[in-house]
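Open the model in a viewer and keep the selection panel at hand. The stops below say what to select and what is found there.

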Amino acid sequence: QVQLVESGGGLVQPGGSLRLSCAASATLVSLYSMAWYRQAPGEQRELVAEITSDGSTNYADSVKGRFTISRDAAKNTAYLQMNNLKPEDTAVYYCKADGRPRGSVDRWNYWGQGTQVTVSS
(Lines give C-alpha, C1' and ligand atoms only; values in the text may rest on other atoms or scores of the structure.)
Protein backbone atom coordinates (compact mmCIF):
# COMPACT_ATOMS: atom_id res chain seq x y z
CA GLN A 1 0.00 0.00 0.00
CA VAL A 2 1.16 3.52 -0.79
CA GLN A 3 1.38 5.92 2.14
CA LEU A 4 2.43 9.55 2.41
CA VAL A 5 3.56 10.73 5.85
CA GLU A 6 3.74 14.46 6.51
CA SER A 7 5.64 16.25 9.25
CA GLY A 8 7.00 19.67 10.16
CA GLY A 9 3.89 21.67 10.87
CA GLY A 10 3.44 23.78 13.96
CA LEU A 11 3.05 27.26 15.39
CA VAL A 12 5.34 30.04 14.20
CA GLN A 13 5.42 33.81 14.51
CA PRO A 14 4.93 36.05 11.47
CA GLY A 15 8.19 36.31 9.59
CA GLY A 16 9.34 32.93 10.80
CA SER A 17 10.10 29.77 8.88
CA LEU A 18 9.01 26.15 8.77
CA ARG A 19 9.95 23.19 6.65
CA LEU A 20 7.38 20.56 5.80
CA SER A 21 8.34 17.04 4.79
CA CYS A 22 6.36 14.45 2.87
CA ALA A 23 7.75 10.93 2.75
CA ALA A 24 6.19 8.53 0.28
CA SER A 25 6.48 4.80 0.79
CA ALA A 26 8.97 2.92 -1.33
CA THR A 27 6.12 1.11 -3.04
CA LEU A 28 5.36 4.29 -4.98
CA VAL A 29 7.62 4.34 -8.03
CA SER A 30 7.76 6.28 -11.27
CA LEU A 31 6.94 9.43 -9.35
CA TYR A 32 5.68 11.97 -11.86
CA SER A 33 5.10 14.88 -9.53
CA MET A 34 4.67 15.94 -5.93
CA ALA A 35 2.77 18.93 -4.70
CA TRP A 36 1.64 20.79 -1.62
CA TYR A 37 -1.90 22.02 -1.17
CA ARG A 38 -3.44 23.92 1.71
CA GLN A 39 -6.92 24.52 3.04
CA ALA A 40 -7.87 27.24 5.50
CA PRO A 41 -11.14 27.22 7.45
CA GLY A 42 -14.04 28.26 5.24
CA GLU A 43 -11.90 28.23 2.12
CA GLN A 44 -11.32 25.85 -0.76
CA ARG A 45 -8.23 23.73 -1.01
CA GLU A 46 -5.64 25.43 -3.18
CA LEU A 47 -2.42 24.44 -4.84
CA VAL A 48 0.60 25.98 -3.12
CA ALA A 49 3.55 24.46 -4.97
CA GLU A 50 4.36 21.53 -7.19
CA ILE A 51 7.45 19.90 -8.62
CA THR A 52 7.52 17.54 -11.58
CA SER A 53 9.86 14.72 -12.49
CA ASP A 54 11.94 16.99 -14.71
CA GLY A 55 12.47 19.42 -11.84
CA SER A 56 10.06 22.08 -13.01
CA THR A 57 8.29 23.98 -10.25
CA ASN A 58 5.12 26.00 -10.02
CA TYR A 59 3.95 28.24 -7.18
CA ALA A 60 0.84 30.07 -6.20
CA ASP A 61 1.27 33.82 -6.59
CA SER A 62 0.64 34.31 -2.88
CA VAL A 63 3.73 32.30 -1.89
CA LYS A 64 6.07 33.04 -4.78
CA GLY A 65 9.44 34.19 -3.51
CA ARG A 66 8.77 32.93 0.01
CA PHE A 67 8.21 29.18 -0.40
CA THR A 68 10.47 26.63 -2.08
CA ILE A 69 9.50 23.10 -3.01
CA SER A 70 12.16 20.44 -3.46
CA ARG A 71 12.46 16.68 -3.61
CA ASP A 72 14.94 13.98 -2.72
CA ALA A 73 14.36 11.18 -5.20
CA ALA A 74 16.49 8.69 -3.26
CA LYS A 75 14.27 9.13 -0.20
CA ASN A 76 10.99 9.49 -2.10
CA THR A 77 10.48 12.68 -0.13
CA ALA A 78 9.29 16.18 -0.95
CA TYR A 79 9.88 19.28 1.13
CA LEU A 80 8.31 22.69 1.39
CA GLN A 81 10.55 25.38 2.83
CA MET A 82 8.36 28.24 4.02
CA ASN A 83 10.04 31.55 4.81
CA ASN A 84 8.65 34.92 5.84
CA LEU A 85 5.43 33.31 6.94
CA LYS A 86 2.31 35.41 7.20
CA PRO A 87 -0.92 34.89 9.18
CA GLU A 88 -2.74 34.24 5.92
CA ASP A 89 -0.54 31.17 5.42
CA THR A 90 -2.36 29.50 8.30
CA ALA A 91 -3.97 26.33 6.99
CA VAL A 92 -3.80 22.57 6.94
CA TYR A 93 -1.16 21.60 4.41
CA TYR A 94 -1.58 18.42 2.39
CA CYS A 95 1.01 16.61 0.35
CA LYS A 96 0.00 14.98 -2.92
CA ALA A 97 2.00 12.51 -4.98
CA ASP A 98 1.31 11.47 -8.55
CA GLY A 99 2.92 8.13 -9.19
CA ARG A 100 2.66 4.48 -10.02
CA PRO A 101 2.70 1.67 -7.44
CA ARG A 102 5.33 -0.99 -7.92
CA GLY A 103 4.09 -3.76 -10.19
CA SER A 104 1.24 -1.71 -11.62
CA VAL A 105 0.80 0.13 -14.89
CA ASP A 106 -1.81 2.42 -13.33
CA ARG A 107 -1.06 5.97 -12.28
CA TRP A 108 -2.80 7.50 -9.25
CA ASN A 109 -2.83 10.52 -6.97
CA TYR A 110 -2.08 9.91 -3.30
CA TRP A 111 -2.66 12.27 -0.40
CA GLY A 112 -0.97 12.75 2.94
CA GLN A 113 -2.86 13.10 6.21
CA GLY A 114 -2.35 16.86 6.46
CA THR A 115 -0.30 18.93 8.88
CA GLN A 116 -1.41 22.11 10.62
CA VAL A 117 0.55 25.31 10.07
CA THR A 118 -0.41 28.24 12.27
CA VAL A 119 1.19 31.66 11.87
CA SER A 120 0.33 33.94 14.76
CA SER A 121 1.93 36.51 17.02
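Select Asp 61 and Lys 64: Asp 61 is exposed, and so is Lys 64 (exposed means over 50% relative accessible area, buried under 20%, partly exposed in between, with a 1.4 Å probe and protein chains only). The two form a salt bridge, with the closest N and O atoms 3.0 Å apart. A salt bridge here is a side-chain nitrogen of Lys or Arg within 4 Å of a carboxyl oxygen of Asp or Glu.

Two remarks on conventions apply to every stop. The model is predicted, so local features need pLDDT of at least 70 and side-chain atom pairs count only at pLDDT 80 or more, while totals for chains, interfaces and linings use all residues. Residues are numbered from 1 along each chain as its sequence is written, and side-chain values use heavy atoms, with hydrogens and water left out.

Next, select Arg 38. Is this residue buried or exposed? Arg 38 is buried, at 6% relative accessible area. Add Glu 46, whose side chain meets that of Arg 38 in a salt bridge of 2.8 Å, N to O. Glu 46 itself is partly exposed, at 33%.

Now add Asp 89, which also forms a salt bridge with Arg 38; the closest N and O atoms are 3.0 Å apart. Asp 89 lies in the loop between β8 and β9 and Arg 38 in strand β4 (residues 28-39), so this pair ties together parts that are 51 residues apart in sequence. Strands are DSSP runs of E with at least two residues, helices are runs of H or I with at least four, and both are numbered from the N terminus. Asp 89 is buried, with a relative accessible area of 1%. To complete the selection, include Arg 66: salt bridges with shared partners join Arg 38, Glu 46, Arg 66 and Asp 89 into one network. A search of the whole structure gives five salt bridges.

Move to the backbone and select Asn 76, in the loop between β7 (67-72) and β8 (77-82). Its phi is positive, about 55°, although Asn 76 is not a glycine. Most residues other than glycine have a negative phi. Asn 76 counts as buried, at 13% relative accessibility.

Then select Asn 84, in the loop between β8 and β9 (91-101). Phi of Asn 84 is near 50°, again a positive value in a residue other than glycine. Asn 84 is partly exposed, with a relative accessible area of 43%.

Zoom out and switch to a cartoon of the protein chain. How many helices and strands does the secondary structure come to? There are zero helices and eleven strands.

Show the C-alpha atoms alone: they fill a box of roughly 50 × 25 × 25 Å along the principal axes. For 121 residues, a compact globule would have a radius of gyration near 14 Å, and the protein chain agrees with 14 Å. That radius is taken over C-alpha atoms, and the globule rule is 2.2 Å times the number of residues to the power 0.38.

Colour by burial: 44% of the 121 residues count as buried. Finally, draw contacts, defined as heavy atoms within 4.5 Å. Of the contacts with a separation of 6 or more, 57% come from residues 24 or more positions apart.
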